[in-house]
Amino acid sequence: MIDSVEFRTFVNKRTSTFTIATGSSSSEENVIVKVVSGDEFGVGNANPTDVTKETVKSIEDFLSWVPKKIVGTDENEPEKLHQRLDSIAEGNTAAKAAVDIAIFDLLAKRCKQPLWKFLGGERDKMLTDMTIGIASKEVTVERAIKHTRSGFRALKIKVGLDLAEDIKRVAAVRDAVGERVELRVDANQGYSVDQAIKFCEEMHALGVVVVEQPVKAEDYKGLKKVTEASDVPIMADECVKSVFDARKVAREGIADMINIKLMKSAGICDAIMINRFAEAADMKTMVGCMGEIQVSIAAGLHFALSSNNVAFADLDSHFNIVDDPSSGLQFEDGYLITPKRPGLGIKTPLDD
Ligand SMILES: [Mg+2]
């Protein structure tokens, strides 16, 4: 039986301003949620973004309603938990994710298993890429070299503001880091269909392994056209926020891969379903993140480890957050490694 729910908001600076095709940010807000049941508790986290149309205020408002709906209910029913959360309001997927993650942390801790194992996985670490925001060619190359020197074997380069400049930047990174570093590219909806097709041709020549969301989220037809024309696999991100979106993209062959983020899917329950739809349609997935601290990065990692259909991890935002209030993840030789503790295995200021 759930006894209590509490939350606390943390505001942290980024190590440097992060720019993508839709905007810039120099700090991140994260709301840690703690759910207590008897002598055990779990933690989760919400990070607001315009992708899910949430703010720290909307998350706090939503979470203030959660105790009324779930205190006194059985924590062993994640599906019913979501019905109760949905009865507060639709949307609010990051806020719902925080509660969902806390419940999974709690249940796995009860079983004395790390969450990845509780979810049926067979591996405890995964390569993650490091993302490089939009910057000049020189700064992009400088960052690419710095990240590969610190162990990253895959880089994700943000593009989408200037086609010609983007192609030059990715080519310069390829020159600087060589063939052995895996390059992924994310346009965050920045191109027209024709630009995207031209861009993908160039990316193919540079050995890029995936191009993410090249066109507007609502332009499913356009994305399908790019997917059909491109030799580089196309990944859907902003256009897949729910199980229904995933079903549409999988059924209609709109993209080759799906970027699953717990903040979009309202947590692990629906992330499992999205991944299943993808797998049934022969589509691999990636688990990505927003501007999150270690609590929900760990949740994303545990989820990614739970299914071999998750081919890529893009779980790197915590590396760029100053004074992350949560800790426990390790990074070694390009791999993000889960703590050897039950549940998420993450320590937070709400633990005591
Ligand atoms: Mg993306």
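In this predicted model, the axes of helix H9 (residues 243-251) and helix H11 (residues 268-280) approach within 9 Å of each other and cross at roughly 5°. With such an angle, H9 and H11 are therefore roughly parallel to each other. On the H9 side, the contact is made by Val-243, Ala-246, Arg-247 and Ala-250. Their partners on H11 are Asp-270, Met-273, Ile-274, Phe-277 and Ala-278. Sorted by character, the residues of this contact comprise seven nonpolar, no polar and two charged.

One residue of H11 leads on to a nearby strand in the description. Ile-274 is among the residues touched by Ile-260, and Ile-260 itself is found in strand S10 (residues 257-260). Is Ile-260 buried or exposed? Ile-260 has 25 other C-beta atoms within 10 Å, and it is therefore buried, since 20 or more such atoms are needed for that label. Leaving out residues up to four places away in sequence, Ile-260 touches Ser-265, Ala-271, Ile-274, Asn-275, Thr-285 and Val-287. A residue of H9 can also be placed relative to Ile-260: Ala-246 is 14 residues apart from it in sequence, and the two are 9.5 Å apart in space, C-alpha to C-alpha.

Turning to the whole protein chain, the division is into domain 1 (4-113) and domain 2 (117-337). Taken over C-alpha atoms, the centres of the two domains are separated by 22 Å. Where the domains meet, 35 residues of domain 1 are in contact with 34 residues of domain 2. Which elements build the side of domain 1 that touches domain 2? At least two residues each are supplied by strand S1 (4-20), strand S2 (23-37), strand S3 (40-46), helix H2 (78-86) and helix H3 (93-110). Of these, H3 gives the most, with nine residues. The residues on this side of domain 1 divide into 15 nonpolar, 14 polar and six charged.

H3 appears again in the largest nonpolar core. This core has 104 residues, and those with the most contacts inside it are Val-33, Ala-98, Val-211 and Ile-258. H3 provides the largest share of the core, 12 residues. Both domain 1 (4-113) and domain 2 (117-337) give residues to this core, so it lies between them. Ala-98 can be followed further: beyond its neighbours within four places in sequence, Ala-98 is in contact with Val-31, Val-33, Gly-44, Asn-45 and Ala-46.

The loops hold some details of their own. Most residues other than glycine have a negative phi. Lys-53, however, has a positive phi of about 55° although it is not a glycine. Lys-53 is found in the loop between S3 and helix H1 (56-70), and with 13 C-beta neighbours inside 10 Å it counts as partly exposed. Lys-112 also has a positive phi, near 55°, and is found in the loop between H3 and helix H4 (115-118). With 11 other C-beta atoms within 10 Å, Lys-112 is exposed, the limit for that label being 12 or fewer.

A further loop, between strand S12 (310-313) and strand S13 (330-332), contains Gly-328. Gly-328 has 17 other C-beta atoms within 10 Å and is partly exposed. Not counting residues up to four places away in sequence, Gly-328 touches Gln-294, Ala-298, Pro-339, Gly-345, Ile-346 and Lys-347. Gly-328 and Ser-317 are 11 residues apart in sequence and 15 Å apart in space, C-alpha to C-alpha.

Notes. Residues are numbered from 1 along each chain as its sequence is written. This is a predicted model: local features need pLDDT of at least 70, side-chain atom pairs count only at pLDDT 80 or more; totals for chains, interfaces and linings use all residues. Domain bounds come from an automatic or database domain assignment. Two residues are in contact if their C-beta atoms, placed from the backbone, lie within 7 Å. Helices (H or I, at least four residues) and strands (E, at least two) are DSSP runs, numbered from the N terminus. Ala, Val, Leu, Ile, Met, Phe, Trp, Tyr, Cys and Pro count as nonpolar, Asp, Glu, Lys and Arg as charged, and the others, Gly among them, as polar. A nonpolar core is a set of buried Ala, Val, Leu, Ile, Met, Phe, Trp, Tyr and Cys residues joined through C-beta atoms within 7 Å. Axes are lines fitted to C-alpha atoms, for helices over the stretch in contact, and angles run from 0 to 180 degrees between N-to-C directions. Angles under 35 degrees count as roughly parallel, over 145 as roughly antiparallel, 65 to 115 as roughly perpendicular and the rest as oblique.
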